[in-house]
Amino acid sequence: MPPKNLSPTPAYSSNIELYTDAESAGLTPRTPFSRQARTEGGHSRLLANDSHNEDDEAMDEIGTLEVQSQPLLRSSASDSFPLYSRHETARIGRSEDQSGKSSRIWKRMKESLSQNRLPVGLVLGLGTAIILLLLIVVSFKRNTALLAYMGVNTTAIAFEALDEESKARFNSSSVIDYAAQGYTSFPLTRNQYLSQCYQMINDPRMKYYVKFWDTRPGAEMDVLHAKSTPSHKTCNSTITYLLDGSVGLMVDLTHLAQVAGFARERNRTLFVYDNNWNRGRWTDHFLDFSETQPGPEPGCAPPPPNELVACPRTARLLSDVPYPHLDVKITSARINFFHLGHDFEETYEDPYKYTIERKKPVYDVSAESFSKYIWPNAINQRLIQHARDELIQVAKSKTKDTQVQYISTQIRRGDRLAMSWRYQKLPQVQVPTEEYVDAFWKTYSRIYNLSSNPDVAPTSPPVIYLASDSPSAASDFAELLRSNDTLSRKYNNDNLRALIYELRTSSDPELRSLAPAREYVQADWVENRTQSERIAETRGMVVDWALLSGAWQPLPSGDADADASTPLKPLAAICALPTSICKATVFGLGWNASFDWQGNDVGRHPNWVEIDNHGSIAPMWRPFEIIQ
């Protein structure tokens, strides 16, 4: 039946009772949350006009409206039409809670920046710059990871860049992947290469003995190699020697002489990697191997640094050369422990000889390298010839002999200690200077046969070329030599006083500047000298070794300062075995002169006079020093 006429009250009560008729109490009023009110926009108007309390974090949206003091009535139609479900109400509460916190944090940041007078734009700009810097660093260090994050298929790109041989074994166990082990800079450092070599020799595939340059089937291991392009032809097979500055000059040169022999034997192209060398560049001191030993592919490019592998020695099997072969990718004085050790000796020494005679084939290889392929550059050729000319002038100042003869002596101090038990209890554990002086007089007397003809005086005084890293040791030697100059006293002739020539006493300022100012200690050599000082001392070492051993002559006649018609070699060389320059002196003196070679035996009076062990160890000489 139709509802009765209802009269509204003149004013709303506190309970928002819109009608006074008791019969209409069951009806739902038009509250902002009723279905009818929603169609009329009452809910949105109420939300727009309501003031929200930001500090009340425990209230949800319904509780914060505060439009009446008592709960609203539910719909009369059904319980199935609530405005919000229980889960939706909880979600809205959390959302507003988080947005409220974010707005408060941002507000507090703005207040803090304004109090400190920092512009908000500047702070945002700095933050953006830091993010961009991080992205640049990642693009250089982890570029593949960045490309993968961007959705680029780096594996497919890398595969297409490989040569055919590398594609065939792309996912095989024979692949050496330095990048997968976390390395990002190439070539690796000497310690990283050492670590890789130790891992390699523990690989079960390397346990079976094979010949020095061979590999067991199934054990061919190598990195993946990129394909060559017509404009950048990479050498098919190379050996790269790493100059890392961790050892002395002659340690590197004696190793490099043998590695150059490997390259000639195995038909490889030889490169020297000198980017991290603390003595300048290789060409600051020597001719490039592209001039002296170009290899089978002159003009080809060296392999990329990331393809340089230290171990195994048989690092790459090639099929695009006259015959399949394997090669060493990179080696150095620190890595040569794995290449010039026991297997090397078993392969290259003469098995039918004994003691020093076994070393003759190895000597031949290194001697050929020093005489033809490891050759000083034009600057050092000029310095060597100038030093020889000065030595001749010093000798001829007291004699009229047309041919100058001299004995060379090297005194090494610094960090090189004596080997023999005789000197282990000395304060400095080094061969005393008196031993060098005594060895000189004995050698001079033997060479000139003074004991057999005591009444016949020599026609010229003794001439000595002295090389030392210690100014004090050189000064002590000169003083002791003159105080023990029995020759001039015996024949009562001051013209027979011994003459000493060294770079420190040169009349040429350029030669004097090459002499070391203090003793050589490998550990602090870089810290105690500038780059220019290190280059100068290295040139001085090159000149010293040339005159100590007689190597690198005759010099090319095309050099304006060179006199190729006057070769000058020492009659003998006196030194102590712990030094590498002492071992290398044999290559300049020659095998027969050094060891007084007589048929199938070694004579008792070699002109390579070693005064530490005095020939008491076997073998008495080795062609290079193994660093472990």
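In this predicted model, threonine 409 stands opposite isoleucine 574 in strand E7, and this position belongs to a stretch where strand E4 (residues 407-411) and E7 (residues 572-575) run parallel and are joined by 3 bridges. The two strands are part of an open sheet of 5 strands with parallel pairing, in the order E6-E5-E4-E7-E10. The structure also holds 3 disulfides, and the points below take up the sheet, a pair of packed helices and the disulfides in turn.

**The sheet and its edges**

- The open sheet has the strand order E6-E5-E4-E7-E10, and because E6 and strand E10 (608-610) stand at the edges with a single partner strand each, one side of each is left without a neighbour in the sheet.
- From one strand to the next, the twist of this sheet averages 20°.

**Strand E5 and its neighbours**

- Strand E5 (residues 463-468) is mostly covered, with 6 of its 6 residues buried.
- This covering applies to both faces of E5, since Val463, Tyr465 and Ala467 are buried on one side, while Ile464, Leu466 and Ser468 are buried on the other.
- Towards E4, strand E5 is joined by 5 bridges, and the two strands run parallel; within this pairing, isoleucine 411 stands opposite serine 468 in E5.
- Between E4 and E5 the chain passes through helix H15 (residues 433-447), and the resulting β-α-β crossover is right-handed.
- E5 also pairs with strand E6 (residues 499-501) in the parallel sense, over 3 bridges, and here the bridge partner of tyrosine 465 is tyrosine 501 in E6.

**A pair of packed helices**

- Helix H10 (residues 249-266) packs against helix H20 (residues 580-589) at an angle of about 40°, and their axes are 8 Å apart; this angle makes H10 oblique to H20.
- The crossing in which H10 passes H20 is left-handed.

**The disulfides**

- A disulfide is a covalent bond between the sulfur atoms of two cysteines.
- When the bonded cysteines of the chain are numbered in sequence order, the pairing reads 1-4, 2-3, 5-6.
- Cysteine 197 and cysteine 311 form a disulfide with their sulfur atoms 2.1 Å apart, and this link is right-handed, with 90° about the S-S bond.
- Because cysteine 197 lies in helix H9 (residues 190-201) and cysteine 311 lies in the loop between helix H11 (289-292) and strand E3 (330-331), this pair ties together parts that are 114 residues apart in sequence; cysteine 197 and cysteine 311 are both buried.
- Cysteine 235 and cysteine 300 form a disulfide in which the sulfur atoms are 1.8 Å apart, and their link is right-handed, with 90° about the S-S bond.
- This pair links distant parts of the chain, 65 residues apart, with cysteine 235 in the loop between H9 and strand E1 (238-242) and cysteine 300 in the loop between H11 and E3; both cysteine 235 and cysteine 300 are buried.
- Cysteine 575 and cysteine 582 form a disulfide with their sulfur atoms 2.0 Å apart, and because the torsion about its S-S bond is about 60°, this disulfide is right-handed.
- Cysteine 575 and cysteine 582 are both buried; E7 covers residues 572-575, and H20 covers residues 580-589.

How values were computed: Residues numbered from 1 in each chain as written. Predicted model: local features only at pLDDT ≥ 70, side-chain atom pairs only at ≥ 80, totals over all residues. Heavy atoms only, no water. Disulfide = S-S within 2.5 Å. Helix = DSSP H or I, 4+ residues; strand = E, 2+ residues; numbered from the N terminus. Buried < 20%, exposed > 50% of the residue type's maximum accessible area, 1.4 Å probe, protein only. Pairing = 2+ DSSP bridges. Right-handed = clockwise from strand over helix to strand, strands pointing away. Axes fitted to C-alpha atoms, helices over the stretch in contact; angles between N-to-C directions. Parallel < 35°, antiparallel > 145°, perpendicular 65-115°, else oblique. Left-handed = near helix turned anticlockwise from the far one by under 90°.
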